[in-house]
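Me: I would like to go through this model by question and answer, with the reasoning set out before each result. Could you take me through it in that way?

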Amino acid sequence: MAVTKIRKLSSWTLWAVALISVVVLGFFYLGGVEDPNAELKAPIKTDWLLYWCYVVFAITIIALVILGLFQFASTVRAKPKSALASFGVLIVFAALLGLTYSMGDGTALPGINEDSAKFNVPFWLKVTDMWIYCMFILLAICILAMIGGTVLKVFRK
C-alpha cells in the first residue's frame, strides 16, 4: 500500500515539475527578445528560467538533506553500516558542491543589462557554474548507472 502511494506521489511530482518546466521554457524561447537588433540577443524571460532552475535545485537539495538525515536516523540502530552509507551520500554530495563551486569562474560577464548586473558578481557566477557542473556530473552518473545496470542484468541471466 505504501509503495503505491509513494509511486503516485512521485509520479504526480514528476508531472508537475515537467509541466512547469515546459511552460517556463516556452516563455523563455517564445517570449521574444529585449532588443532584436542587438548583437547579443537577450530573451525577455531569462530571469524566469534562472529562478525556476534555482527553485528546482533548492527543493532537490533540501529533499536530499532531509530524506538523507531521516534515513540515517531510522537505520542507525538497526543497521549501523547502512546508516553510515546513507550519511556518506550526503558527505559526497556536499563535497561535489564544494568542488564544483571552486571550479566555477567568477569573471564578470560583458554586455550584461543593468537588471542582471546585480547577479554579475563572482559569488553568483560561481554558484551558477556550480549548478551547471553538478548537473553534468549527475547526468553522467545517471547514464553510467543505467548502462551499468543493464549490463549487470544481462550478465546475471
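What follows is a set of questions and replies on a predicted model.

Me: Which residues make up the largest nonpolar core?

Reply: The helices α2, α3 and α4 each supply at least two residues of the largest nonpolar core, and the largest share, 4 residues, comes from α4. Within this core Leu97 touches Ile61, Met130, Trp131 and Cys134, leaving out residues up to four places away in sequence. The core has 9 residues, and these are Phe57, Ile61, Phe93, Leu96, Leu97, Val127, Met130, Trp131 and Cys134.

Me: Against which helices do the buried residues of α4 pack?

Reply: Helix α4 has 35 residues and reaches 50 Å from its first C-alpha to its last, close to the 51 Å expected at 1.5 Å a residue. Its buried residues are Leu125, Lys126, Val127, Asp129, Met130, Trp131 and Cys134. The helices that these buried residues of α4 pack against are α2 and α3.

Me: Is Thr100 buried or exposed?

Reply: Thr100 has its place in helix α3, which covers residues 80-103. When residues up to four places away in sequence are not counted, Thr100 touches Met130, Tyr133, Cys134 and Ile137. Its relative accessible area is 0%, and because buried means under 20%, Thr100 is classed as buried.

Me: Which residues does Leu90 touch, not counting residues up to four places away in sequence?

Reply: Leu90 is placed in helix α3, and with a relative accessible area of 14% it counts as buried. The C-alpha atoms of Leu90 and Ala117, which are 27 residues apart along the chain, are separated by 34 Å. With residues up to four places away in sequence set aside, the residues that Leu90 touches are Leu64, Val65, Gly68 and Leu69.

Me: What distance does α2 reach from its first C-alpha to its last?

Reply: Helix α2 runs over residues 46-75, and its buried residues are Leu49, Trp52, Phe57, Ile61, Gly68 and Thr75. It has 30 residues, for which a span of 44 Å is expected at 1.5 Å a residue, and the distance in the model is close to that value, at 43 Å.

Me: With which residues is Thr75 in contact, leaving aside its neighbours within four places in sequence?

Reply: Thr75 is found in helix α2 and is one of the buried residues of that helix. The C-alpha atoms of Thr75 and Thr150, 75 residues apart along the chain, are separated by 29 Å. Once neighbours within four places in sequence are left aside, the residues in contact with Thr75 are Pro80, Ser82 and Ala83.

Me: How is Asp35 classed, given its relative accessible area of 39%?

Reply: Asp35 lies in the loop between α1 and α2, and its C-alpha atom is separated by 22 Å from that of Tyr51, 16 residues apart along the chain. Because buried means under 20% and exposed over 50%, a relative accessible area of 39% falls in between, and Asp35 is therefore partly exposed.

Me: What is the volume of the largest pocket?

Reply: The largest pocket is lined by 29 residues, of which Thr46, Leu50, Ile112, Asn113 and Ser116 lie nearest its centre. Helices α2 and α4 each supply at least two residues of this lining, and the largest share, 5 residues, comes from α2. By class, the lining of the largest pocket divides into 14 nonpolar, 7 polar and 8 charged residues. The volume of the largest pocket is about 940 Å³.

Me: How many charged residues does the lining of the second largest pocket have?

Reply: The second largest pocket has a volume of about 300 Å³, and its lining consists of Ile6, Leu9, Thr13, Val17, Trp52, Val56, Ile59, Thr60 and Leu67. Helices α1 and α2 each supply at least two of these lining residues, with the largest share, 5 residues, coming from α2. By class, the lining of the second largest pocket has 7 nonpolar and 2 polar residues, and the number of charged residues is none.

Terms used: Residues are numbered from 1 along each chain as its sequence is written. This is a predicted model: local features need pLDDT of at least 70, side-chain atom pairs count only at pLDDT 80 or more; totals for chains, interfaces and linings use all residues. Side-chain values use heavy atoms; hydrogens and water are left out. Buried means under 20% relative accessible area, exposed over 50%, partly exposed in between (1.4 Å probe, protein chains only). Contact means heavy atoms within 4.5 Å. On a 1 Å grid over the protein atoms alone, a cavity is a set of points where a 1.4 Å probe fits but cannot get out, and a pocket is an open set with protein on both sides within 12 Å along at least five of seven lines; lining residues have an atom within 4 Å of a point. Grid points are joined across faces, edges and corners, and a volume is the space filled by probe spheres set on the points. Ala, Val, Leu, Ile, Met, Phe, Trp, Tyr, Cys and Pro count as nonpolar, Asp, Glu, Lys and Arg as charged, and the others, Gly among them, as polar. The expected span of a helix is 1.5 Å times one less than its number of residues. A nonpolar core is a set of buried Ala, Val, Leu, Ile, Met, Phe, Trp, Tyr and Cys residues joined through side-chain atoms within 4.5 Å.
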